[in-house]
Every structure is written in C-alpha cells, then in structure tokens.
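Me: I am new to this one, and I would like to learn how its terms are earned. Could you show it to me and let me ask about it?

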Amino acid sequence: MKKLGLYLHFPFCVKKCNYCDFLSFEIRDEDVYRDYAEAVALELGRWKDKLGGYEVDTIFLGGGTPSLMSSQVLDRIIEALYGFKLSKKLEFTIEANPKTLDMDKLSYYIASGINRLSLGVQSLDDRVLGFLGRIHNRNDFLKNYGEARKAGFENINVDLMFAIPNQNIDQWMDTVKQAIGLQPEHISFYSLIIEENTPLFNRKALGEIKELDEDMDRKMYWGAADLLCSRGYEHYEISNMAKDLYMCHHNMKYWSMDEYIGIGAGAHSYFQGRRFSNETDLNKYIKNANDNLDNKVWEHQNTRNDEISEYIFTGLRKIQGIDLDDFTKRFNLNIYDCYKEQIHQFILGKWMVKKNNQLMLSNKGLDISNRIMSEFIL
C-alpha cells in the first residue's frame, strides 16, 4: 500500500509567544476545544473513505499546544484516527509545551498509541525564556521530561532556539549541553527569525532590540552541531539531529516530497501532486465541518517544473541531499539536463558536493542554503 502522513493542527495556546506568527489563538475553554476536536474528527471521517489504498505510517499532532487538550477531548480525535489503516510501525508524535503536562496526560498518550513526544523547550535559561514570552521555566521542563520517561516515552524530541537578541554564545552552549545531558533521542535547533506582526518585531522596529549578526548566528549553529555530533547524534537535516534510528519520519516526508494530509484549521497538504490548505477562520472551520462542507480554501496543481523545483528545494535540506537515481526515476530526467550550470558552479565553489550518487550541500553551503536552493527554481 502507498504510505501517507497525517498532520493534525490544534491552534490553541495559553499565550502566544513573543516570536510566534503561526496560526494560533489564546483560548482556554474546554467547550471550544471539544467543538474543535469534533470538527477535526469529522474532517478525518471525510478523508477516510478516500484513502482506501493508503496506509498511514506517521501522525503528527502539532500546534499551537496540543497538550492543552484533556484526555476526554483528545479521545475523540484518537477514535477517528483508528478508523484509518495504520502501519504496525506507526510513528505518532504529539507536540507539547512544558507546564501543560502531567502524569495522567502522559500515561494516556502512551495508552492511546502516541509514541513520540516533542517538547517545545527553546532554552534552559530562565532569562531567555522570559524574553521569548514562554509560559514555562527550566524546572517545569525538567519535571515534565522526567515524567515523560516514567510514563514510558522512549522517543523524545527537544526543540531549542538560538540567535535570540541579547543571547550570548555561553548561554546557548550551556542550553545545548544541558539538553544533551538528558539524552533525548532527537534534538531540533532553530535560529530565531523575527517575523512581522509579532511583539519582537514591534520591539525591533522601536529600536529596543536588534537581531544577532550573521557571524554569531553561524557560530551558535556550528557550535551546537559539532557538539551534538561528538555526542553521538546524527546531523540528518539542516536543523535536526537524532540518535541511531530516531529521525523524525513525519518531517522526512516534507523533505522527501512524500504525501501527507493536513487536518484542522489552516493545515496544509501535499497529495497526488496537489498542494492545498484549509480555512483559517476558527468559527468557519468548525461550522463547515459540522455542515459537511469542504474546508479547503486554496489549491494548486503542481506543474512538472513545480515538482522538480520542490524536490530539489526540500531535498537539499537533508544532509545526505538528493539521490540522483531517485531523481531520474521520479522525473525520467537526468538532473544535469536542467541544472548542469548551477551544479557545476556550486561544486566548483565548494558549496555543494557529489558523493556516492548523492548531491548535497557542503558545510559551507549549509550556511547559505536558502540562496543556493533558490537557484534551482524553474
């Protein structure tokens, strides 16, 4: 059977962080959560009959803060999910923010088949957490991490953030060292991007803060990457490290152009050569689901050139890069027939490497990855 990923969006938070421009709402209301979970279950039901030839091998429950849901609310979604053909090797991830978890929730996750926990930590320095507007502190995270292990989680990701205004290299590396000391199976580390319409953007516009310079950003990135690699983590994607076989298989779908369906308000999908997304208005989304109406508000049928460009743009995020045989098989085309000049230029400049029929970015190329990827858009 064909493989498929499901992404389920839960767009509620206790409080939006100072850097967040994702679709999320500051709502603490169990009735709203219940209505939303019912809408998600109904949307899942609409898809179930269309996916008879597919086996779901990854589920990612993201947000927002999915860990705000009570077990009674989440149970409605879980019930709908088990109507699909699920792989025996299913990777089922839930995102959680520290201070929103307890042993009862964590034990319920394990009992329900959720086998991967992704903790949005960002920093283990309370001053940095306060600057970012996080609701938790270091001790909240350590408590929840310990509880997750006791509940039975054997696959935990820790999300970290660097290049934060006023953050210095020592603060950052101390956070990385503390995270490594806990031995999570997976660590993600992202550079802060100050987006428009966020509190940090407004503070930057007023001159109250300024972004760290690119040299410091790169120093923090490579400091973390080198240390993680020395401690047994494999650098498998630009911003992701994993032990042994613990890479995030759901996110690998995005970087390999595999199919996935996004469920929930604002969720995006890539399925049968189409990209589409859902209604972002919360009330409309819930009403449409209850009225058995399609919540799709945007759709694009990829052209052949779209498919080729996206395959390269996403594939170069993987440290192992693009498999040239797979490219030829997928598109019945030799990659050099359309990108010979770009590839030659980047290999000559040592930004790109060809190794064992894999085309990948060098360490030098990783530092300017977006600029390189843009050269492959047809």
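**Strands, cores and odd angles**

Reply: Gladly! In strand S13, the bridge partner of Phe271 is Arg274. This is a predicted model, where local features need pLDDT of at least 70 and side-chain atom pairs count only at pLDDT 80 or more, while totals for chains, interfaces and linings use all residues. Residues are numbered from 1 along each chain as its sequence is written, and side-chain values use heavy atoms, with hydrogens and water left out.

Me: What makes S12 and S13 a pair?

Reply: Two strands (DSSP runs of E, at least two residues, numbered from the N terminus) pair if DSSP finds at least two bridges between them. Strand S12 (residues 268-271) and S13 have 4 bridges in the antiparallel sense, so they pair. The two form a hairpin with 2 residues between them, and Gln272 in the turn has a positive phi of about 50°.

Me: Which other strand pairs with S13, and over how many bridges?

Reply: That is strand S14 (residues 296-301), antiparallel to S13 over 5 bridges. There, Arg275 has His300 as its bridge partner.

Me: Why is S13 called largely enclosed?

Reply: Buried means under 20% relative accessible area, exposed over 50%, and partly exposed in between (1.4 Å probe, protein chains only). In S13 (residues 274-278), 5 of the 5 residues are buried, so the rest of the structure largely encloses this strand. Both faces are covered, with Arg274, Phe276 and Asn278 buried on one side and Arg275 and Ser277 on the other.

Me: Why is Ser24 called buried?

Reply: Its relative accessible area is 10%, and the cut-off is under 20%, so Ser24 counts as buried. Ser24 is found in the loop between strand S2 (12-13) and strand S3 (25-26).

Me: What makes the link between Ser24 and Lys16 a polar contact?

Reply: A polar contact is a pair of N or O atoms within 3.5 Å; within protein, one must be able to donate a hydrogen and the other to accept it, and residues adjacent in sequence count only if both atoms are side-chain atoms. The side chains of Ser24 and Lys16 are joined at 2.8 Å, so the distance fits.

Me: How do you know that Lys243 has no salt bridge?

Reply: A salt bridge needs a side-chain nitrogen of Lys or Arg within 4 Å of a carboxyl oxygen of Asp or Glu. For buried Lys243, the nearest side chain of opposite charge, Glu185, is 5.8 Å away, so no salt bridge is counted. Here Lys and Arg count as positive and Asp and Glu as negative, with His and the chain ends not counted. The side chain of Lys243 does make a polar contact with that of Gln183, at 2.3 Å.

Me: What makes a group of residues a nonpolar core?

Reply: It is a set of buried Ala, Val, Leu, Ile, Met, Phe, Trp, Tyr and Cys residues joined through side-chain atoms within 4.5 Å. The largest one has 103 residues, of which Leu44, Leu74, Trp172, Phe189 and Ile312 touch the most other members. Apart from it lies another core of 12 residues, among them Tyr19 and Met161.

Me: Why is Lys99 called exposed?

Reply: Lys99 has a relative accessible area of 53%, and exposed means over 50%, so the word applies. Lys99 also has a positive phi of about 80° although it is not a glycine.

Me: What kind of peptide bond joins Gly63 and Gly64?

Reply: A cis one, with omega of about 15°. Most peptide bonds are trans.
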